[in-house]
Amino acid sequence: MRFDIMTLFPELVDRVLGESIIGRAQASGAVTIKTWNIRDYSENKHRRVDDTPYGGGFGMLMAAPPIYNCYRAILDETPGDDIRRRVIYMSPKGKVLKQSIGARLASEYDQLIILCGHYEGVDCRIVDEIVDEEISIGDFVLTGGEIPACILTDCVARLCPGVLSDPECFDRESLTDGLLEYPQYTRPYEFHGVKVPDVLISGHHANIEKWRAEQALGETEKKRPDLLRGSNGEVKG
Ligand SMILES: C[S@@+](CC[C@H](N)C(=O)[O-])C[C@H]1O[C@@H](n2cnc3c(N)ncnc32)[C@H](O)[C@@H]1O
């Protein structure tokens, strides 16, 4: 899968996504991530990308032309009518990111083009013209879309084939099946007086599975009871 990230701060994004698992996934070719500096596409001699909002008001807005030129450059570099691409604007006005959204994007698209806003956001005409979907990372406002873009990219990329060594890693983890993951233990056997539950060292796989299923339900009831309830507040069957 390919990610093209339009930003005013490419170094910030490159630094975050160049490390650890996603960094290795790029090195192995499992995913391609390219950052594009919107400022390089400004037609202004001072490379200006922002301006004051019409009608007055606080702060500066990112202007539409440099973003559009940057977007066209991405399409020129990645031509093909058969590429399943999705243009996403990271925005506090978007749908809040969930594991299910990450899974949908990972399975339905070959290329995500991600726009990071900054300042007071972007001219709404660029959103109307090129954006397919707005995604928020939560009900709060950040200074820019770079950290949200890194979060979305990490969430989607780790679901792509070849990124994690064992796909089972995400089959059973929190939120994939609507529950939180069961509690996990590793060595030492006893830590500050707390021992590993007997069932986990019993070697009895059916009992371990049963214990984990019960624990996952208990963990969800305790920490995220909202996940067990439908949108009408009723407990799911
Ligand atoms: C200061 S915010 C702009 C907020 C905008 N004036 C509003 O009230 O909706 C600047 C940029 O940060 C990004 N951003 C801020 N909060 C975000 C969030 N919760 N999720 C995704 N992106 C966010 C967006 O790209 C946004 O254009």
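Guide: Let's start at Pro188, which sits in the loop between α7 (168–171) and β8 (190–191). Keep in mind that this is a predicted model.

Visitor: Is the peptide bond from Arg187 to Pro188 cis or trans?

Guide: As a rule, most peptide bonds are trans, and most residues other than glycine have a negative phi. Here the bond from Arg187 to Pro188 is cis, with omega near 5°.

Visitor: And the phi part of that rule: which residue in the loop between β2 and β3 has a positive value?

Guide: Arg47, whose phi is near 60° although it is not glycine. Arg47 belongs to the loop between β2 and β3 (50–51) and is partly exposed, at 37% relative accessible area. Tyr119 is another case, with phi near 55°. Tyr119 is in the loop between β6 and α5 (124–130), and its relative accessible area of 34% makes it partly exposed too.

Visitor: Let's step back. How many domains does the assignment give?

Guide: The domain assignment gives domain 1, covering 2–157, and domain 2, covering 172–228. Their C-alpha centres are 37 Å apart.

Visitor: Now the sheet. In what order do the strands run, and is the pairing parallel or antiparallel?

Guide: The general idea is that strands of a sheet pair through backbone hydrogen bonds, in either sense. In this model 5 strands make an open sheet, ordered β2-β1-β6-β5-β7, with parallel pairing. At the edges are β2 (32–37) and β7 (133–136), each pairing on one side only. From one strand to the next, the twist averages 30°.

Visitor: Which residues could I use to check the register of β1 against β2?

Guide: Try Thr7, whose bridge partner in β2 is Asn37. Strand β1 (residues 2–7) pairs with β2 over 6 bridges, in the parallel sense. On to the next pair: β1 and β6 are parallel over 5 bridges, and Asp4 stands opposite Ile113 in β6. Then β5 and β6, also parallel, are joined by 6 bridges, with Tyr89 partnered by Leu115 in β6.

Visitor: How do I read the two faces of β6, and which residues point which way?

Guide: In a regular strand the side chains alternate between the two faces of the sheet. For β6, Gln111, Ile113 and Leu115 point one way, while Leu112, Ile114 and Cys116 point the other way. All of these are buried. With 6 of its 6 residues buried, β6 is therefore largely enclosed by the rest of the structure.

Visitor: What about the helices? Which residues of α4 are buried?

Guide: First, the pattern to look for: an α-helix has 3.6 residues a turn, so residues three or four places apart point the same way. In α4 (residues 99–108), Ile101, Gly102, Leu105 and Ala106 are buried. These residues span an arc of only 130° around the axis, so they share the same side of α4. What do the buried residues pack against? Their partners are β5, β6, β7 and α6 (146–157).

Visitor: Which strands does α3 touch?

Guide: Helix α3 (residues 64–77) packs on the sheet and touches β1, β2, β5 (85–96) and β6 (111–116). Its direction makes about 160° with that of β1.

Visitor: Then the core. Which residues touch the most other members?

Guide: In soluble globular proteins, nonpolar side chains tend to be buried together. The largest nonpolar core here has 28 residues, and Leu105 and Leu152 touch the most other members. Two or more residues each come from β1, α1 (10–17), α2 (20–28), β5, α4, β6 and α6. The largest share, 5 residues, is given by α6.

Visitor: What is Leu152 in contact with, beyond its neighbours in sequence?

Guide: Leaving aside neighbours within four places in sequence, Leu152 contacts Ile88, Met90, Leu97, Leu105, Ile114 and Ile135. Apart from this core there is another one, of 22 residues, including Ile38, Leu75, Val87 and Val127.

Visitor: One last residue, for contrast: is Pro161 buried or exposed?

Guide: Pro161 is exposed, at 72% relative accessible area. You'll find Pro161 in the loop between α6 and α7. From Pro161 to Ile74 is 24 Å in space, C-alpha to C-alpha, and 87 residues in sequence.

How values were computed:
Residues numbered from 1 in each chain as written. Predicted model: local features only at pLDDT ≥ 70, side-chain atom pairs only at ≥ 80, totals over all residues. Heavy atoms only, no water. Domains from an automatic or database assignment. Pairing = 2+ DSSP bridges. Helix = DSSP H or I, 4+ residues; strand = E, 2+ residues; numbered from the N terminus. Axes fitted to C-alpha atoms, helices over the stretch in contact; angles between N-to-C directions. Contact = heavy atoms within 4.5 Å. Buried < 20%, exposed > 50% of the residue type's maximum accessible area, 1.4 Å probe, protein only. Arc of directions from axis to C-beta. Core = buried A, V, L, I, M, F, W, Y, C linked by side-chain atoms within 4.5 Å.
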